[in-house]
Amino acid sequence: MRTGRSGMRAWVVRAGENGERERSALDEGVLVVGWDRLTRGDLADSATRGDVRAAVAAAYPDEGPYTIGNWTGQLYRFVHEIQSGDLVVLPLKSSRVAIGRVTGGYEYRAGAAEGTRHIRRVEWLVEDLDRREIQSDLLDSLGSLLTVFEISRFGAADRVAALAEGKPDPGRPDADEFAATLTEPAKLYEEVRRRGDAEPLTLSIRDFLAVWGVQRRHPASTEQIKNDLEARGLVTVPPFTEGTLDSRIAVLAGGAEPDESGTSAVSRLVGTGLRAAQALGDRDASFGSAPPAASAGLTGGLPDEDDETQAIAYRVSNLESANRMPECVRVGDSLGTATTLMVLRGYSQLPVLDADGRLRGVVSWESIGRARMADPAPGLHAATVRGQEANGSDDLLDWIGAIQQSGYVVVRDPDHKVCGLITASDLTVQFGTRVRPFVLIEEIEQRLRRVVDRCIPLDRIKATVPRGRAAQVHSAANLTFGAYKHLLKVPENWAALGWGIDQEHFLTALEDCRNFRNDLMHFSPDPVTDDQLVPAQGLLELLRSVDPQI
């Protein structure tokens, strides 16, 4: 748990899936969550997480254990963990955010409108902060699909406090100011050359991509970067195509001649484990990543000049949780230690590690129950069962079935030491985040098709496409997304819509959305941030306003 300098914490509490409660939240000075089947006594009298879970399970008997556990965690945070004085961020439908300070404990309003009964009092400090005032790493942290969650990484509490005071986002406390000076590939090359392999250049993948002016890894940008590195005889260790955007890599002169001992710069770095851990692992520790995960890539997974299969894939290591050392117990600990941690943290299972950090099994509520059937007072060993392990370089899609079935998979590094844990919850958040942009674009296209078919005659729709394709156009559904701009440029067609909005601004927004859509269609292992969604969200809100039909 990380707090701001004053001990306060920062939270996000959403106002419904589509912001349907945000007006009530802002007007009444409250944080609001749903779950209306729960009553005053269900939560106000629930002292423990187990009490909350029992109340949720009773109120929603048709839901499975995963959903019940997920809802329990959110409600427990809302009722018990959020404290007066903590800061809270409320994302708004307008693509802006509100920031407030919590002023009271949990309340239940029996007579309030449906969906607004569970509340916390809050003093709103800022109600219309532009998302562009928030740096991308903090914006990424706001992107969870959960209703209630804490933001703690990268000094979030202090940064939210600064924004609430009208100050600029100060950025992450460990921000790599030097990396910001590498504004073009030539500067990166020169710095690697100046340092040599005695002091390798290390930086996050996010900062590395910024040298080429890109934010996400998709085939075109990745191919360009690979070609540029190859032309200069450089290599990244681990490959920049693996890991999350916050994973750190070293940039080395991979093509340089061997030294007097006959070894390359890459081999020398890999061979000196202490220096490698210092170069990558220790710096990662400052912002919460596990040193073993950072340095592990130096011992394996190096690029192969002849490998034709290096195209980006969705790796296990692309998930943040795969690079974050999980809470665990060690061989020799008591079963009581394991159960205490599981109850305190709301975990369904814990890895059991040996003294070297390697997996010796997993203890779960199911395995504990089975052990107690044979012995009323079993030890940790008796309740430990074999756990499933994935390598960070494995294709994530190959593990989805196993994670759905068992609820988790432990992640190991090339030295077979545990470096992460992926749960079904991680998959839900990850793929929910990835699906969201496609749903957004789909609604925009559907609304465009509907209004064009309703207002513009088919002969004028056909006139937008080349003559050879006109016979294939039977409605707006046969148009490409880019064709709408050309169709609505025509004064007669624009007038037919009857919209009281500025044509030039609309067409500019449409073109921005087209570019976003095209980029989205190119595979990338990196999620789309809320900041990158803003243009498409704005266009959708405009279309909903001028064409309010559902």
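A nonpolar core is a set of buried Ala, Val, Leu, Ile, Met, Phe, Trp, Tyr and Cys residues joined through side-chain atoms within 4.5 Å. The exercises below use this term on a predicted model.

**Exercise 1. The largest core**

Task: State which residues touch the most other members of the largest nonpolar core, and which elements supply the core.

Solution.
- Step 1. The largest nonpolar core has 35 residues, and Leu38 and Trp124 touch the most other members.
- Step 2. Each of these elements supplies at least two residues of the core: strand 1 (10–13), strand 2 (30–33), strand 3 (87–91), strand 4 (96–108), strand 5 (118–130), helix 1 (22–28), helix 3 (49–59) and helix 4 (65–81).
- Step 3. The most comes from helix 4, which gives six residues.
- Step 4. Beyond its neighbours within four places in sequence, Leu38 is in contact with Leu43, Ala55, Val56, Ala59, Tyr60, Leu75, Tyr108 and His118.
- Step 5. A second core, separate from this one, has 33 residues, including Ile444, Leu488, Leu540 and Leu543.
- Step 6. As background, nonpolar side chains in soluble globular proteins tend to be buried together.

**Exercise 2. The setting of strand 9**

Task: Decide whether strand 9 (residues 248–252) is enclosed or open, and find its pairing partners.

Solution.
- Step 1. A residue counts as buried under 20% relative accessible area.
- Step 2. Five of the five residues of strand 9 are buried, so the strand is largely enclosed by the rest of the structure.
- Step 3. The burial covers both directions: Arg248, Ala250 and Leu252 point one way, Ile249 and Val251 point the other way, and all are buried.
- Step 4. Strand 7 (residues 201–204) pairs with strand 9 in the antiparallel sense over four bridges, and Leu203 has Ile249 as its bridge partner.
- Step 5. Strand 8 (residues 235–237) also pairs with strand 9 in the antiparallel sense, over three bridges, with Val237 opposite Ala250.

**Exercise 3. Aromatic pairs at Phe506**

Task: Classify the ring pairs that Phe506 forms with Trp494 and with Trp499.

Solution.
- Step 1. A pair of aromatic rings is described by the distance of the centres and the angle of the planes.
- Step 2. Pairs need centres within 6.5 Å; planes under 30 degrees apart count as stacked, over 60 as edge-to-face and the rest as tilted. The count by this rule is nine aromatic pairs.
- Step 3. For Trp494 and Phe506 the ring centres are 5.5 Å apart and the planes are at 45°, so this pair is tilted.
- Step 4. Trp494 belongs to helix 21 (residues 491–497) and Phe506 to helix 22 (residues 503–520), so the pair ties together parts that are twelve residues apart in sequence.
- Step 5. For Trp499 and Phe506 the centres are 5.4 Å apart and the planes are at 65°, so this pair is edge-to-face.
- Step 6. Trp494 is buried. Trp499 is buried as well, with a relative accessible area of 11%, and Phe506 is buried with a value of 1%.
- Step 7. Elsewhere, Trp35, Tyr60 and Trp71 form one aromatic cluster.

**Exercise 4. Two loop residues**

Task: Give the accessibility class and the contacts of Ile501 and of Arg216.

Solution.
- Step 1. Ile501 is in the loop between helix 21 and helix 22. Its relative accessibility is 23%, so Ile501 counts as partly exposed.
- Step 2. Leaving aside neighbours within four places in sequence, Ile501 is in contact with Trp494, Phe506, Leu542 and Val546.
- Step 3. Ile501 and Leu542 are 41 residues apart along the chain, and their C-alpha atoms are separated by 9.1 Å.
- Step 4. Arg216 is in the loop between helix 8 (205–210) and helix 9 (219–232). Its relative accessible area is 8%, so Arg216 is buried.
- Step 5. With neighbours within four places again left aside, the contacts of Arg216 are Leu209, Ser221, Asp519, Ser524, Asp526, Pro527, Val528 and Gln532.

**Exercise 5. A four-stranded sheet**

Task: Find the edge strands of the open sheet with the order 10-11-12-13, and place helix 14.

Solution.
- Step 1. The sheet has four strands and mixed pairing.
- Step 2. Strand 10 (329–330) and strand 13 (384–385) each pair on one side only and are the edge strands.
- Step 3. Strand 12 (residues 359–364) and strand 13 run antiparallel and are joined by two bridges; Val362 has Val385 as its bridge partner.
- Step 4. Helix 14 (residues 365–374) lies across strand 12 and strand 13, at about 80° to strand 12.

**Exercise 6. Confidence**

Task: State the mean pLDDT of the protein chain and where pLDDT stays under 50.

Solution.
- Step 1. The mean is 82, and 87% of the residues reach 70 or more.
- Step 2. Over residues 272–311 pLDDT stays under 50, and the model has 70 contacts beyond four places in sequence for this stretch.

Terms used: Residues are numbered from 1 along each chain as its sequence is written. Side-chain values use heavy atoms; hydrogens and water are left out. Buried means under 20% relative accessible area, exposed over 50%, partly exposed in between (1.4 Å probe, protein chains only). Two strands pair if DSSP finds at least two bridges between them. Rings of Phe, Tyr and Trp (its six-membered ring) pair if their centres lie within 6.5 Å; planes under 30 degrees apart count as stacked, over 60 as edge-to-face and the rest as tilted. Contact means heavy atoms within 4.5 Å. Axes are lines fitted to C-alpha atoms, for helices over the stretch in contact, and angles run from 0 to 180 degrees between N-to-C directions. pLDDT is the predictor's confidence in each residue, from 0 to 100.
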